[in-house]
Amino acid sequence: MLWRRNLQPIVRPFYQAYSRLSRGATLGVRALVLNPAGEVLLVEHTYVPGWFLPGGGVERGETVEQAVVRELAEEAGVRPLRRPTLLAVQSNHRIFRGDHVVVFRVDDWEPCRASAQGEIHAVAWHHPDRLPADATPATHQRIAEFIGGAEASQHW
């Protein structure tokens with residue numbers, strides 16, 4: 001069966017193209033950022049209602065850690081001082097088939113200039129027990145899981 005190794009350089013590009021079309025996976029990141037008072041950082045977008053954990057899509061050629069660091073700087077003006085802590089990888093198939101969200105926690109950070117232009121309406125800190133009324137259900141669930149001690153779901 002080692003003859004397959006000889007075919008692999010020829011077959012791989014076709015297999016990868018087929019996989020991209022047939023699997024259609026997408027990947028996003030979200031961050032649970034806490035300040036010294038134990039408050040959670042939330043963002044309100046200009047294009048969709050509600051308060052969310054900051055985050056976004058992973059760009060081609062980017063690791064999930066690079067994506068969450070970039071998104072935090074762009075959306076919220078936050079720069080982690082050490083590597084974000086991986087909390088979970090959750091499927092988001094209910095919203096978009098093939099989508100996954102990688103959730104990180106950031107405790108040590110410094111402020112920086114937010115670079116998102118027109119994407120973010122507001123950025124605010126909220127106590128985990130007193131979230132805004134229009135915080136999304138997924139935001140409530142992630143905070144319950146990763147701060148409140150609820151069992152982490154496999155699903156976003």
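## Strand β2 and its burial

A residue is called buried when its relative accessible area is under 20%, and in this predicted model that description fits V40, L42 and E44, which point one way from β2, as well as L41, V43 and H45, which point the other way. In general, the side chains of a regular strand alternate between the two faces of the sheet. Because six of the six residues of strand β2 (residues 40–45) are buried, the strand is largely enclosed by the rest of the structure.

## Partners of β2

Strand β2 pairs with β9 in the antiparallel sense, over six bridges, and within this pairing L41 stands opposite W125 of β9. With strand β3 (residues 51–52), β2 also pairs in the antiparallel sense, here over two bridges, and V43 stands opposite F52 of β3.

The hairpin of β2 and β3 has five residues between the strands, and in this hairpin G50 takes a positive phi near 105 degrees.

## The aromatic pair

Which two rings form a stacked pair, with their planes at 20 degrees? The structure holds one aromatic pair, and its members are W109 and W125, whose ring centres are 5.2 Å apart; planes under 30 degrees apart count as stacked, so the angle of 20 degrees places this pair in that class. W109 lies in strand β8 (residues 109–111), whereas W125 lies in strand β9 (residues 120–126), so the pair ties together parts that are 16 residues apart in sequence.

Both tryptophans have intermediate accessibility by the criterion that partly exposed residues fall between the buried and exposed limits: W109 is partly exposed, with a relative accessible area of 21%, and W125 counts as partly exposed at 28% relative accessibility. W125 thus appears in two settings, as the residue of β9 that L41 stands opposite and as a member of the stacked pair with W109.

## A charge over a ring

A further tryptophan, W156, has R142 lying over its face, at 4.7 Å from the ring centre.

## A nonpolar surface patch

Which residues form a nonpolar patch on the surface? The patch consists of L7, I10, V11, F14, Y15 and Y18, which together have about 670 Å² of accessible area. One of these residues, F14, lies in helix α1 (residues 3–23), and because residues over 50% relative accessible area are classed as exposed, F14 counts as exposed at 62% relative accessibility.

Terms used. Residues are numbered from 1 along each chain as its sequence is written. This is a predicted model: local features need pLDDT of at least 70, side-chain atom pairs count only at pLDDT 80 or more; totals for chains, interfaces and linings use all residues. Side-chain values use heavy atoms; hydrogens and water are left out. Rings of Phe, Tyr and Trp (its six-membered ring) pair if their centres lie within 6.5 Å; planes under 30 degrees apart count as stacked, over 60 as edge-to-face and the rest as tilted. Helices (H or I, at least four residues) and strands (E, at least two) are DSSP runs, numbered from the N terminus. Buried means under 20% relative accessible area, exposed over 50%, partly exposed in between (1.4 Å probe, protein chains only). A charge sits over a ring if NZ of Lys or CZ of Arg is within 6 Å of the ring centre and within 35 degrees of the ring normal. Patches are made of residues with over 30% relative accessible area and no salt bridge: like charges are joined within 9 Å, nonpolar side chains (Val, Leu, Ile, Met, Phe, Trp, Tyr) within 5 Å. Accessible areas come from the Shrake-Rupley method with a 1.4 Å probe; for residues, only the protein chains shown count as cover. A salt bridge is a side-chain nitrogen of Lys or Arg within 4 Å of a carboxyl oxygen of Asp or Glu. Two strands pair if DSSP finds at least two bridges between them.
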